[in-house]
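Okay, thanks for having me on the agenda. Let me put the structure up and then we can walk through it together.

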Amino acid sequence: ITVKRRRGWEMGKVLVRGVTGMWFKLGISIYMLICICAIPSHSVTTPQELAALSDLYFATGGRSWTQKDNWRSGDPCENSWYGVECEVDENGTFDTVVELNLGNNNLNGELNDSIERLTNLKSVHLE
């Protein structure tokens with residue numbers, strides 16, 4: 001940091017060279033660090049799984065379910081839809097649905113073929 005007096009300035013005023021640039025670079029560095037840290041290591045649920053869960057909701061009378069916390073609100077894994085358990089897929093790319101626990105929840109109706117889109121499902125409890 002270089003500090004020097006400039007001719008013609010009032011007494012006591014100084015020009016500080018390099019400080020502005022240093023603070024700017026520090027600010028940019030901190031901003032980049034925050035941006036990099038904020039990037040998730042994986043993405044959200046696949047559109048196919050989201051569609052399958054939406055189909056399940058409508059096919060089984062989701063509006064009449066006893067518990068439907070967060071259903072149809074954003075991503076099922078990020079927003080913790082009631083009864084939906086997720087894990088990161090084997091590639092570390094997407095959240096994937098591994099468990100449905102919707103028993104004793106007033107489900108009425110028939111499941112359609114879209115449930116097959118939940119390819120990583122390990123456990124299902126719907127009664």
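So, let me start with a question: which residues form one aromatic cluster here? It's Tyr57, Phe58, Trp65, Trp71 and Trp81. Before I go on, keep in mind that this is a predicted model.

Searching the whole structure turns up five aromatic pairs. I'll show you two of them. Take Tyr57 and Trp71, which are stacked, with 5.9 Å centre to centre and 15° between the planes. Tyr57 belongs to helix H2, while Trp71 is in the loop between H2 and strand E3, so this pair ties together parts that are 14 residues apart in sequence. How accessible are these two? Tyr57 is at 8% relative accessibility, so we call it buried, and Trp71 counts as buried as well, at 7%.

Now stay on Trp71 and look over at Trp81. Those two rings make a tilted pair, 4.8 Å centre to centre and 40° between the planes. Both of these residues sit in the loop between H2 and E3, ten residues apart. And Trp81, like Trp71, is buried.

While we're in that loop, have a look at Ser73, which is also between H2 and E3. Ser73 comes out at 34% relative accessibility, which is over the 20% limit for buried and under the 50% for exposed, so it's partly exposed. Beyond its neighbours within four places in sequence, Ser73 contacts Asn79 and, there it is again, Trp81.

Okay, next up, the nonpolar core. The largest one has 13 residues, and the members touching the most others are Leu53, Trp71, Val84 and Leu100. Which elements supply at least two residues each? That would be helix H2, residues 47-59, and strand E4, residues 95-101. H2 gives the most, with four residues.

Let me pick out Val84 for a second. Setting aside the neighbours within four places in sequence, Val84 is in contact with Leu53, Trp71, Pro76, Val97, Glu99 and Leu100. So you get Leu53, Trp71 and Leu100 on that contact list, and those three are also among the residues I just named for touching the most other core members.

Let's turn to H2 itself. With 13 residues at 1.5 Å a residue, H2 should span 18 Å, and the end C-alpha atoms are indeed 18 Å apart, so the two agree. The buried residues in H2 are Glu49, Ala52, Leu53, Ser54, Leu56 and Tyr57. If you look at the spacing in that list, remember that an α-helix has 3.6 residues a turn, so residues three or four places apart point the same way. And what do the buried residues of H2 pack against? Strands E3 and E4. Just after the helix, Gly61 takes a positive phi of about 65°.

That brings us to the strands. E3 and E4 run antiparallel, joined by five bridges. They form a hairpin with six residues between them, and in the turn there's another glycine, Gly92, with a positive phi of about 70°. E4 is mostly covered, with five of its seven residues buried. E4 also pairs with E5, this time in the parallel sense, over three bridges. On that side, Leu100 stands opposite Val124 in E5, and that's the Leu100 we met in the core.

Back on E3, find Glu87, which stands opposite Thr96 in E4. Glu87 takes me to the last topic, salt bridges. How many are there? The count is two. In one of them, the side chains of Glu87 and Lys122 meet at 3.3 Å, N to O. That links strand E3 to the loop between E4 and E5, 35 residues apart. With a relative accessible area of 39%, Glu87 is partly exposed, whereas Lys122 is exposed, at 63%.

The other salt bridge is Asp55 with Arg117, where the closest N and O atoms are 3.7 Å apart. Asp55 is in helix H2 and Arg117 is in the loop between E4 and strand E5, so here the pair ties together parts that are 62 residues apart in sequence. Both ends are partly exposed, Asp55 with a relative accessible area of 26% and Arg117 with 35%.

Okay, that's what I had. Happy to rotate the view if anyone wants another look.

Terms used
Residues numbered from 1 in each chain as written. Predicted model: local features only at pLDDT ≥ 70, side-chain atom pairs only at ≥ 80, totals over all residues. Heavy atoms only, no water. Core = buried A, V, L, I, M, F, W, Y, C linked by side-chain atoms within 4.5 Å. Buried < 20%, exposed > 50% of the residue type's maximum accessible area, 1.4 Å probe, protein only. Contact = heavy atoms within 4.5 Å. Phe/Tyr/Trp six-rings, centres within 6.5 Å; stacked < 30°, edge-to-face > 60°. Expected span 1.5 Å × (residues − 1). Salt bridge = Lys/Arg side-chain N within 4 Å of Asp/Glu carboxyl O. Pairing = 2+ DSSP bridges.
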